[in-house]
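Student: I would like to go through the backbone and burial labels in this model with you, and to hear the reasoning behind each one.

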Amino acid sequence: MTDVLGNPPPPSDSLAVLEKQRSTAETFGIPLAVLLEITHRCPLQCPYCSNPVELDRSTKELTTDEWKKVLGELAEIGVLQVHFSGGEPTARKDLVELVRHASDVGLYTNLITSAVLLTRAKLGELADAGLCHVQISFQGIEEGLTDRVAGYKGGHRKKLEVAKWTRELDLPLTVNAVMHRQNLHQLPEIIQMAVDLDADRLEVANVQYYGWALKNRAALMPTVAQLDECTRLVEEARERLKGTLAIDYVVPDYYALRPKKCMGGWGRQFFNISPAGKVLPCHAAESITGLEFESVRSNHSIAWIWQNSEAFNRYRGTGWMKEPCKSCEFREIDFGGCRCQAYALTGDAANTDPACALSPLHETIFKQAEAEAEGETNRFLYRNFAGGTLESENGA
Amino acid sequence: MAGPRHISVSEASRPVLPRHAKLKYDETRKVWVILAPERVLAPDEIAVEVLQLCNGERSVGDVSDQLAAKYTAPREAILTDVIAMLQDLADKGFLTEAREKTS
């Protein structure tokens, strides 16, 4: 039995293509899984939200029929799984209909949710519609901290309730825990919470610093000591809970020496579709200004966009690289790291991701992160459609 | 609940794929796959054959009998391989057992 995935990868690129990968777009296989960000609306305001800072308004969202057409097309070209995500996917009134349609066309469906809008009845309807798996995000283990991080009162209690319903409905559960300086001390209890909730998987996902998270970096960046302890705890728990709870682990790449193979390489194994129907190489790609992304509303098929569009081909393979990537022996291993991070931190997406020790900026950025981690800034800039709201001094 | 954790596969087990692990022929790539939460596994031909026989009624012993007869191969060797393959799947959380056990 081959696990196509190999070692547990970051959640965002956890499915690889089955085909042997080649470097030209024409021969690229269609990804096994596609992330559908069906809305950017969300009752939570997490300061590390992976959505772009410029959110799509509800008026721009694809209609029910447009999403159904997308689902049919995805199944036809060989996509096997879809992740209904957001924003908060349950904020869309047609979610049950979309899940049912996805099941009807043969897609395996995952729901990635904050859970706070779900009722027992709605979850039952989703299960009946063919939903295969539920992933619930948690911000910590107790109300005080988690409701503050999410900027939403009563959220934590609701999540626990929905997690229980999920298992009662015989659906597999993944607990997604986004970790940062202000909640890493709760990791041992978060692991235990996942076991107590009878989760199958736990994602210990350290914040990745793009978009909203980059704006909040000073309030979120862990210290090196915290991160070392986090790694130790994950390794210990993986061993202890083998066969009970699978743990995926994502580290913040600022403290790495080698950059991550972001998205498995640009345009190699992953794409997502934004609420407005843009087909994107990663959920942060719209942060790279100057790139034009094709929409499912255009005359092009999704397969054409994946294989031929300018944006997907721009950073595919290694031809676009500059030094030190260009002649680097690791160029086909990590593909120069993350394009969005390179753009955000250096102003040019074709530069080496500064997470790489070979980037001329690595040292500066590492030192900056370290200084921020030791700093006193704990106030969040909450995510919203207004461009963010700063947490009040007394934390509310 | 999706079956007990820590399934230990033996000759008497009557395993079956849980609802959330779907064995499917991928028409695009011309291979069998197991779809699981945020995972796609690529079982080999023998694993596919074993899983198609695992319906929650047949025991691992029954499955091994059938394969031994079909391939005129030593049953003990087949049993060992079948248990190892199923245990691997169980450890990944993608195998369950029929609830009512005949003892």
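Student: Why is Thr72(B) called exposed?

Tutor: In this predicted model, Thr72(B) has 6 C-beta neighbours inside 10 Å, and since a residue is exposed if that count is 12 or fewer, Thr72(B) is therefore classed as exposed.

Student: Where does Thr72(B) lie, and what is the sign of its phi?

Tutor: Thr72(B) belongs to the loop between helix H2 (60-71) and helix H3 (75-91) of chain B, and its phi is positive, about 40 degrees, although Thr72(B) is not a glycine. Such a value deserves a remark because most residues other than glycine have a negative phi.

Student: What makes Phe335(A) count as buried or exposed?

Tutor: The cut-off for a buried residue is 20 or more other C-beta atoms within 10 Å, and Phe335(A) has 27 such neighbours, so Phe335(A) counts as buried. Phe335(A), placed in the loop between H12 and helix H13 (339-346) of chain A, also has a positive phi, near 50 degrees, in a residue other than glycine.

Student: Which value of omega goes with the cis peptide bond from Glu323(A) to Pro324(A)?

Tutor: Omega is near 5 degrees for that cis bond, and Pro324(A) sits in the loop between helix H11 (310-314) and helix H12 (331-334) of chain A.

Student: And is the bond from Gly86(A) to Gly87(A) cis or trans?

Tutor: The bond from Gly86(A) to Gly87(A) is cis, with omega near 10 degrees, and Gly87(A) is found in the loop between strand S3 (81-85) and helix H2 (95-104) of chain A. Most peptide bonds are trans.

Note on methods: Residues are numbered from 1 along each chain as its sequence is written. Chains are lettered from A and ligands numbered from 1 in the order in which they are written. This is a predicted model: local features need pLDDT of at least 70, side-chain atom pairs count only at pLDDT 80 or more; totals for chains, interfaces and linings use all residues. Helices (H or I, at least four residues) and strands (E, at least two) are DSSP runs, numbered from the N terminus.
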